[in-house]
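Student: Could you take me through the contacts between the chains of this model, and look closely at how they are built? I would like one connected account rather than a list.

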There are 4 protein chains.
Amino acid sequence: MTADRDKVVRLLKTARGQMDGILKMIDENRYCIDISNQIMACQAVLSKANKEVLNAHLANCVLNSRGDDSKEKLAEITKILDQLL
Amino acid sequence: MTADRDKVVRLLKTARGQMDGILKMIDENRYCIDISNQIMACQAVLSKANKEVLNAHLANCVLNSRGDDSKEKLAEITKILDQLL
Amino acid sequence: MTADRDKVVRLLKTARGQMDGILKMIDENRYCIDISNQIMACQAVLSKANKEVLNAHLANCVLNSRGDDSKEKLAEITKILDQLL
Amino acid sequence: MTADRDKVVRLLKTARGQMDGILKMIDENRYCIDISNQIMACQAVLSKANKEVLNAHLANCVLNSRGDDSKEKLAEITKILDQLL
């Protein structure tokens, strides 16, 4: 991975902490909407991590690829865009 | 929470397992796109958990609410829809 | 529809105007990314219109429904949430 | 634009037709949820058009770009991914 490893790890550990928090909320029988909001907050942190990973990938791996490798790397990006659109 | 607790907990534990897997992938310096795909897979599992929570909430808490409580509960759903749209 | 009709119509006409603009851009062989950005801008206006429609629906039709009608209306909201999550 | 022009135009015209249909539904005071579903169907068609545009852009313009042009084109893709994630 070419992204800033510390930043991505920090975000993922935050998300894991949130997930532990959500499991505790369920154990304490907390209100549905509070749990739902926490799940979405955790997904937002994962999106941030994913942005870091993909931005660095485009700015490094894809930019510096050549020929068939470049073609394949752009096909991978196309696949991700297709999932998101 | 009114959702099937076992099902939600199982999904959240799956997501936490995926997250541990992603942290390991970063540690092993795996390919960016593989990491990105795993992050999105983890988000998809969280979405499933969120659906369970919200579906049960609508079918129970919201359905059985009355008067001002009903008004407040529908405002909470509106807020969630606003975030998603 | 219980939403502010003028507001929703105004948003939809804006979106239709954007769509005519996009068709013209294609005709003029404009740059892919500019076209893509315009398509996403048009989708954002449609999301605004949808928010208006659904917020008013929840604050009126759903709030004032009773019994089986209420159950059915909440099932419709559940279906929309399932699509969005 | 490098995408299949006929296909993109056909999709956009479908979306414009749906939009005219939605305006008519509002005029006929149709049910909120039916209107909301039509708005989302229209957005889905626009997403299809956008996929066509971006897939062709990546497979042509980006793949064949060099040096600074390549850098700029990948930055444009990064910006789009950032909006979607």
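Tutor: It is useful to begin with a pair of chains that stay apart, keeping in mind that this is a predicted model. Chain B and chain D make no contact with each other, and their nearest C-alpha atoms are 10 Å apart. Chain A and chain C are likewise not joined by any contact, the closest C-alpha atoms of these two chains lying 10 Å apart.

The pairing of chain C with chain D is another matter, for here 41 residues of chain C are in contact with 41 residues of chain D. Between them, chain C and chain D bury about 3600 Å², and 69% of that area is on carbon and sulfur atoms. Polar terms are present as well, since the rule finds 2 salt bridges across the interface of chain C and chain D. In one salt bridge between these chains, the side chain of C:Asp20 meets that of D:Arg16, with an N to O distance of 2.6 Å. Counting residue pairs in polar contact, with both residues at pLDDT 80 or more, gives 15 across the interface of chain C and chain D. On the side of chain C that touches chain D, at least two residues are supplied by each of α1 (5-27), α2 (32-62) and α3 (67-84) of chain C. The largest share of that side comes from α2(C), with 17 residues. Sorted by class, the residues of the side of chain C that touches chain D are 24 nonpolar, 9 polar and 8 charged.

We can now turn to chain B and chain A, where the contact takes 41 residues from chain B and 41 residues from chain A. The area buried between chain B and chain A is about 3600 Å², with carbon and sulfur atoms giving 69% of it. Across the interface of chain B and chain A the rule finds 2 salt bridges, while the count over all chains comes to 20 salt bridges. A:Asp20 forms a salt bridge with B:Arg16, and the closest N and O atoms of this pair are 2.6 Å apart. Because A:Asp20 lies in helix α1 (residues 5-27) of chain A and B:Arg16 lies in helix α1 of chain B, the pair joins two chains. For polar contacts between chain B and chain A, the rule finds 15 residue pairs, both residues being at pLDDT 80 or more. The elements of chain B that give two or more residues to the side touching chain A are α1 (5-27), α2 and α3 (67-84). Of these, α2(B) provides the largest share of that side, 17 residues. The side of chain B that touches chain A has, by class, 24 nonpolar, 9 polar and 8 charged residues.

What remains is a helix pair between chain B and chain C. The axes of helix α2 (residues 32-62) of chain B and α3(C) come within 10 Å and cross at roughly 170°, which makes α2(B) roughly antiparallel to α3(C). In this contact B:Lys51, B:Leu54, B:Asn55, B:Leu58 and B:Val62 of α2(B) meet C:Leu74, C:Ile77, C:Thr78, C:Leu81 and C:Asp82 of α3(C). By class, the residues of the contact of α2(B) with α3(C) are 6 nonpolar, 2 polar and 2 charged.

Methods
Residues numbered from 1 in each chain as written. Chains lettered and ligands numbered in written order. Predicted model: local features only at pLDDT ≥ 70, side-chain atom pairs only at ≥ 80, totals over all residues. Heavy atoms only, no water. Contact = heavy atoms within 4.5 Å. Buried area = accessible area lost by both parts, 1.4 Å probe. Salt bridge = Lys/Arg side-chain N within 4 Å of Asp/Glu carboxyl O. Polar contact = N/O pair within 3.5 Å; in protein donor to acceptor, adjacent residues only side chain to side chain. Helix = DSSP H or I, 4+ residues; strand = E, 2+ residues; numbered from the N terminus. Nonpolar A, V, L, I, M, F, W, Y, C, P; charged D, E, K, R; others polar. Axes fitted to C-alpha atoms, helices over the stretch in contact; angles between N-to-C directions. Parallel < 35°, antiparallel > 145°, perpendicular 65-115°, else oblique.
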